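Notebook open, model loaded. I want to go through the backbone oddities, the helix packing and the aromatic rings, in that order.

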Amino acid sequence: MLTDLHGKLDYAQYLQLDRVLSAQKPLSQPEHHDELLFIIQHQTTELWFKLMIHELKAALRLIREDQLEATFKILARVKHIQAQLLQQWSVLATLTPSEYVQFRHVLGPASGIQSYQHRIIEFMLGRKDARMLAVFKHKPAIHDQVEAAFLAPSLYDEYLRSMARKGYAIPREVVERDVTVPHAPHPAVVAAFREVYEHPEKAWDSYEMCEKLVDVDEAYALWRYRHMKVVERVIGYKRGTGGTAGVSYLRQMVDDRLFPELWDVRTEIKDVGRPG
């Protein structure tokens with residue numbers, strides 16, 4: 001074991017732990033015991049968001065280059081990042097309503113809806129909402145990052161374009177659509193996915209890509225549901241600190257599907273050995 005670290009790069013320096021571990025600044029006076037939990041929960045979430053954006057950018061580039069197989073590991077990693085984010089809610093769920101109300105006031109208007117990294121992820125996954133850009137107008141540099149994600153094709157847009165390049169019958173109005181609005185389900189896309197699922201041996205990479213996208217969509221839905229239930233558990237139906245309707249706002253997004261035709265096609269796939 002190396003013990004003489006004078007003048008050498010050590011663990012704390014490499015990870016810049018002096019900065020990371022001094023970034024928790026509770027505002028309650030006297031400091032409430034549970035505010036540190038609340039801060040660390042959200043800071044670690046933002047670190048996972050940073051990694052998720054890093055991975056999704058790589059996935060988008062690879063799909064544009066039609067390198068689907070190279071994308072599989074990246075999207076598998078994204079799914080595992082999502083699993084970490086999901087599990088984190090169980091820690092915050094230990095915060096009781098009587099504990100939270102003792103320091104909630106120090107948050108002022110600060111709210112998770114102002115997470116620009118989460119908004120970038122949502123835009124990269126296709127949940128486009130122009131109204132959300134206004135939340136970041138007070139910080140031009142951040143606004144520019146969020147707007148760039150808003151204006152760019154989503155992961156799903158890029159995959160449907162890749163399918164079109166492979167010869168699948170993806171309609172022109174889907175491929176050339178306005179990417180600043182949410183994707184609307186199209187029966188021709190369902191038909192293309194049905195072809196992939198009923199004949200996976202013809203294009204295994206497309207088949208596997210579909211399943212990787214479903215993994216991401218399902219994990220994101222589970223994360224949103226857990227988010228809603230933890231908020232309901234901690235604050236009930238109070239309004240959110242950022243001015244949203246709180247649980248009611250979160251509940252309306254639980255059933256939202258990022259890649260709708262990948263779910264719709266499951267109803268359309270023929271049973272083996274049955275005509276029709």
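**Entry 1: odd backbone spots.** I started with Q16, which is partly exposed at 38% relative accessibility. This is a predicted model, so I keep that in mind for every number below. Q16 sits in the loop between α1 (11–15) and α2. I looked up its phi and got a value near 50°, positive although the residue is not glycine. Most residues other than glycine have a negative phi, and most peptide bonds are trans.

D66 goes on the list too: its phi is near 60°, again positive in a residue other than glycine. I find D66 in the loop between α3 and α4. With 34% relative accessibility, D66 counts as partly exposed, because the buried class stops at under 20% and the exposed class starts at over 50%.

Then the peptide bonds. Q29 and P30 are joined by a cis one, with omega at about -5°. P30 belongs to the loop between α2 (17–20) and α3.

I also noted G167, which follows α8 and has a positive phi near 105°.

**Entry 2: overall layout.** How many helices and strands does the protein chain have? I get 13 helices and zero strands. The C-alpha trace spans about 70 × 55 × 40 Å along its principal axes. Of the 276 residues, 43% count as buried.

I picked one residue for a distance check. L213 lies in helix α11 (residues 204–235) and is buried, at 0% relative accessible area. L213 and L17 are 196 residues apart along the chain, and I get 35 Å between their C-alpha atoms.

**Entry 3: helix pairs.** α3 (residues 35–64) and α4 (residues 68–92) came up before as the neighbours of the D66 loop. They pack at an angle of about 165°, with the axes 9 Å apart. The angle is over 145°, so α3 is roughly antiparallel to α4. The crossing of α3 past α4 is left-handed. I split the residues of that contact by type: 21 are nonpolar, eight polar and two charged.

α3 has another partner in α6. Their axes come within 9 Å and cross at roughly 30°. That is under 35°, so α3 and α6 are roughly parallel to each other. This crossing is left-handed as well.

Next I looked at α8 with helix α10 (residues 187–198). The angle is about 65° and the axes are 12 Å apart, so I log α8 and α10 as roughly perpendicular. The crossing of α8 and α10 is left-handed.

**Entry 4: burial of α8.** Why would I call helix α8 (residues 155–165) largely enclosed by the rest of the structure? Because eight of its eleven residues are buried. The buried ones are L155, Y156, D157, E158, Y159, L160, S162 and M163. I note that D157 and E158 are in that buried set.

**Entry 5: aromatic rings.** I count twelve aromatic pairs in the structure. One of them is Y100 with F103, edge-to-face, at 5.3 Å centre to centre and 75° between the planes. Y100 is buried at 7% relative accessible area, and F103 is buried at 0%.

F123 and F150 make a tilted pair, with 5.3 Å between the centres and 55° between the planes. F123 is in helix α6 (residues 116–124) and F150 in helix α7 (residues 140–151), so this pair ties together parts 27 residues apart in sequence. Both ends check out as buried: F123 at 0% relative accessibility and F150 at 7%.

I also traced a cluster: ring pairs link F49, W89, Y220 and W223.

**Entry 6: charges over rings.** Which ring does the charged end of K128 sit over? The ring of F150, 5.8 Å from its centre. F150 therefore turns up twice in my notes, once under K128 and once in the tilted pair with F123. I logged R266 as well, which lies over the face of W263 at 5.8 Å from the ring centre.

How values were computed. Residues are numbered from 1 along each chain as its sequence is written. This is a predicted model: local features need pLDDT of at least 70, side-chain atom pairs count only at pLDDT 80 or more; totals for chains, interfaces and linings use all residues. Side-chain values use heavy atoms; hydrogens and water are left out. Rings of Phe, Tyr and Trp (its six-membered ring) pair if their centres lie within 6.5 Å; planes under 30 degrees apart count as stacked, over 60 as edge-to-face and the rest as tilted. Buried means under 20% relative accessible area, exposed over 50%, partly exposed in between (1.4 Å probe, protein chains only). Helices (H or I, at least four residues) and strands (E, at least two) are DSSP runs, numbered from the N terminus. A charge sits over a ring if NZ of Lys or CZ of Arg is within 6 Å of the ring centre and within 35 degrees of the ring normal. Axes are lines fitted to C-alpha atoms, for helices over the stretch in contact, and angles run from 0 to 180 degrees between N-to-C directions. Angles under 35 degrees count as roughly parallel, over 145 as roughly antiparallel, 65 to 115 as roughly perpendicular and the rest as oblique. A crossing is left-handed if the near helix is turned anticlockwise from the far one by less than a right angle, and right-handed if clockwise. Ala, Val, Leu, Ile, Met, Phe, Trp, Tyr, Cys and Pro count as nonpolar, Asp, Glu, Lys and Arg as charged, and the others, Gly among them, as polar.
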